[in-house]
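Open the structure in your viewer and keep the sequence panel visible. This tour goes from one selection to the next.

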Amino acid sequence: MAWILALVLFVEALGVAALNWFLGIVVDRQDMSLAGLDPDAMSISSKVGGIVFGLYFALCGVVALLVALRDRAPAGLGRILLISVAVVHGLLGAFAWGLVGPGAFVSMVVVLALVVLLLMTYDRREVPAEGSPEQGAGRNEGPGPIAPPAAPNPS
């Protein structure tokens, strides 16, 4: 499942970067101002924003790829990145419903579900089972359970 998420995030990174680059070119060729803003500034900011968000999604894809290769839950910065990309997809899904339609909403929710599923399944696998060697079962690490006091001898 982590492989699928990594692939989806890499495709999304390329798509976001390409879309913003295309929008930057469109703004540059229109040579129009929006509320007095410089068209060159809008074009450059769209391209830079596309590159930044594309790199962000690609970095999150690398984290998912590392999870798939190592077969371990992400820790530290990787976990924070996956949680943040889940939040981003939740917000994008909410905006997509109103601006684009239900199809875009469903695609954002599917990616959100993949990220949450990855975080939840690998967390569950990290917890050692009861009675496993990781918990010390079967090792003599001290006195056992305290026995109840013996009944007094009537004789």
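A helix here is a DSSP run of H or I with at least four residues, numbered from the N terminus. Keep in mind that the model is predicted.

**Whole chain**

Start with a cartoon view of the protein chain. It has four helices and zero strands. From the N terminus on, the elements read α-α-α-α. Now colour by burial. Of the 155 residues, 28% count as buried. Switch to a surface. The chain exposes about 10500 Å², and carbon and sulfur atoms supply 71% of that area. What share of the contacts with a separation of 6 or more comes from residues 24 or more positions apart? The share is 67%.

**Helix α2**

Select residues 39–70. This is α2, with 32 residues. Set a distance between its first and last C-alpha: α2 reaches 46 Å, close to the 46 Å expected at 1.5 Å a residue. Step just past the end of α2 to D71. Its phi is positive, about 55°.

**Helix α3**

Next, select residues 77–99. Helix α3 has 23 residues and reaches 32 Å from first C-alpha to last, close to the 33 Å expected at 1.5 Å a residue. Which residues of α3 are buried? Show G78, L81, L82, V85, A86, H89, G93 and A96 as sticks; these are the buried ones. Then go to G101, which follows α3 and has a positive phi, near 135°.

**Where α2 meets α3**

Show both helices together. Their axes come within 9 Å and cross at roughly 130°. Why is α2 called oblique to α3? An angle over 145 degrees would count as roughly antiparallel, and 65 to 115 as roughly perpendicular. The crossing angle of roughly 130° fits neither range, so α2 is oblique to α3. The crossing is left-handed.

Now add side chains. On the α2 side, pick Y56, F57, L59, C60 and V63. They meet G78, L81, L82, S84, V85, V88, H89 and L92 in α3. Among these α3 partners, H89 also appears in the list of buried residues.

**V110 in α4**

Last stop: select residues 102–126, helix α4, and find V110 there. Is V110 buried, partly exposed or exposed? Buried means under 20% relative accessible area and exposed means over 50%. V110 has 44% relative accessibility, so it counts as partly exposed. Finish with a distance from V110 back to G93. The two are 17 residues apart along the chain, and their C-alpha atoms are separated by 9.6 Å. G93 is one of the buried residues of α3.

How values were computed
Residues are numbered from 1 along each chain as its sequence is written. This is a predicted model: local features need pLDDT of at least 70, side-chain atom pairs count only at pLDDT 80 or more; totals for chains, interfaces and linings use all residues. Side-chain values use heavy atoms; hydrogens and water are left out. Helices (H or I, at least four residues) and strands (E, at least two) are DSSP runs, numbered from the N terminus. The expected span of a helix is 1.5 Å times one less than its number of residues. Buried means under 20% relative accessible area, exposed over 50%, partly exposed in between (1.4 Å probe, protein chains only). Contact means heavy atoms within 4.5 Å. Accessible areas come from the Shrake-Rupley method with a 1.4 Å probe; for residues, only the protein chains shown count as cover. Axes are lines fitted to C-alpha atoms, for helices over the stretch in contact, and angles run from 0 to 180 degrees between N-to-C directions. Angles under 35 degrees count as roughly parallel, over 145 as roughly antiparallel, 65 to 115 as roughly perpendicular and the rest as oblique. A crossing is left-handed if the near helix is turned anticlockwise from the far one by less than a right angle, and right-handed if clockwise.
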